[in-house]
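Take a walk through this structure, from its surface to its core and back out again. Keep the 3D view open as you read.

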Amino acid sequence: MITELLAMLAEGAPAGSVTVPWWLRFGVLVYGVLLVAAFMIYAQTTHQRPWNVLWVLVIAFVPILGALCYFVVQSVDYRRQNDKPVKGRAETMAPEEYGAGGSEAPR
């Protein structure tokens, strides 16, 4: 399919000219970046056995949408497994209370 598209584009172009349109080059660049990012996250994540091979196939053979689906599913899964982060002292106290820290002598 892609070879036929490129052959059709090349028919009307003069010899030696660039035949690949800018949007196709941009799409391939986006696909490559998403593919690398998705496989980096995949390598750092543990998966259940049947999903192991299925995610590799989805990421590799469904351009752009496969990687985006993987990101969404992993984000939802991560948030379900982990509790909300506990707020620290600086986030729960007023700036005046946190800055004083109780160590200064009263004026």
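Leucine 29 is exposed, with a relative accessible area of 53%. The cut-off for exposed is over 50%, so leucine 29 passes it. Leucine 29 sits in helix α2. The model shown here is a predicted one.

What does leucine 29 belong to on the surface? Together with Leu5, Met8, Trp22, Trp23, Phe26 and Val33, Leu29 makes a nonpolar surface patch of about 810 Å². Two elements, α1 (2-11) and α2, each give two or more residues to this patch. Helix α2 gives the most, with five residues. As a general tendency, nonpolar side chains in soluble globular proteins are buried together. The residues of this patch, by contrast, lie on the surface.

Valine 28 is another residue of helix α2. Valine 28 is exposed as well, because its relative accessible area of 52% is over 50%. How far is valine 28 from proline 63, counting between C-alpha atoms? The separation is 9.1 Å, although these positions lie 35 residues apart along the chain as a sequence distance.

Now step back to the whole chain. The protein chain has six helices and zero strands. Read along the sequence, its pattern is α-α-α-α-α-α. The chain has 107 residues, and 9% of them count as buried. It exposes about 9,200 Å². Carbon and sulfur atoms supply 65% of that area. What share of the contacts with a separation of 6 or more joins residues 24 or more positions apart? The share is 46%.

Next, go inside. Which residues make up the largest nonpolar core? There are seven: Leu34, Ala38, Tyr42, Trp55, Ile59, Ala67 and Tyr70. Three helices, α2 (22-44), α3 (49-61) and α4 (65-81), each supply at least two of them. The largest share, three residues, comes from α2. Helix α2 thus appears twice in this account: it gives the most to the nonpolar patch, and it gives the largest share of the core.

Look at isoleucine 59, one of the core residues. Set aside its neighbours within four places in sequence. Isoleucine 59 is then in contact with Tyr31, Leu35, Ala38, Phe39, Gly66 and Tyr70. Among these partners, Ala38 and Tyr70 are also members of the core.

The core also holds aromatic rings. The count comes to two aromatic pairs. In one pair, the rings of tyrosine 42 and tyrosine 70 have their centres 6.3 Å apart and their planes at 55°, so the pair is tilted. Tyrosine 42 lies in helix α2 and tyrosine 70 in helix α4, so this pair ties together parts that are 28 residues apart in sequence. Are these two residues buried or exposed? Tyrosine 42 is buried, with a relative accessible area of 15%. Tyrosine 70 is buried too, at 0% relative accessibility.

The other pair joins tryptophan 55 and tyrosine 70. Their ring centres are 5.0 Å apart. Their planes stand at 70°, so the pair is edge-to-face. Tryptophan 55 lies in helix α3 and tyrosine 70 in helix α4, so the pair ties together parts that are 15 residues apart in sequence. Tryptophan 55 is buried, with a relative accessible area of 11%. Tyr42, Trp55 and Tyr70 form one aromatic cluster.

Tryptophan 55 has a further partner in glutamine 74. Glutamine 74 lies in helix α4. Why does glutamine 74 count as buried? Its relative accessibility is 13%, and buried means under 20%, so it qualifies. Leaving aside its neighbours within four places in sequence, glutamine 74 is in contact with Thr45, His47 and Trp55.

Last, look at the loop between α3 and α4, where isoleucine 64 has its place. Most residues other than glycine have a negative phi. Isoleucine 64 departs from this, with a positive phi near 60°. Isoleucine 64 is partly exposed, with a relative accessible area of 29%. That value falls between the 20% and 50% cut-offs, so neither of the other two labels applies.

Conventions
Residues are numbered from 1 along each chain as its sequence is written. This is a predicted model: local features need pLDDT of at least 70, side-chain atom pairs count only at pLDDT 80 or more; totals for chains, interfaces and linings use all residues. Side-chain values use heavy atoms; hydrogens and water are left out. A nonpolar core is a set of buried Ala, Val, Leu, Ile, Met, Phe, Trp, Tyr and Cys residues joined through side-chain atoms within 4.5 Å. Buried means under 20% relative accessible area, exposed over 50%, partly exposed in between (1.4 Å probe, protein chains only). Helices (H or I, at least four residues) and strands (E, at least two) are DSSP runs, numbered from the N terminus. Contact means heavy atoms within 4.5 Å. Patches are made of residues with over 30% relative accessible area and no salt bridge: like charges are joined within 9 Å, nonpolar side chains (Val, Leu, Ile, Met, Phe, Trp, Tyr) within 5 Å. Accessible areas come from the Shrake-Rupley method with a 1.4 Å probe; for residues, only the protein chains shown count as cover. A salt bridge is a side-chain nitrogen of Lys or Arg within 4 Å of a carboxyl oxygen of Asp or Glu. Rings of Phe, Tyr and Trp (its six-membered ring) pair if their centres lie within 6.5 Å; planes under 30 degrees apart count as stacked, over 60 as edge-to-face and the rest as tilted.
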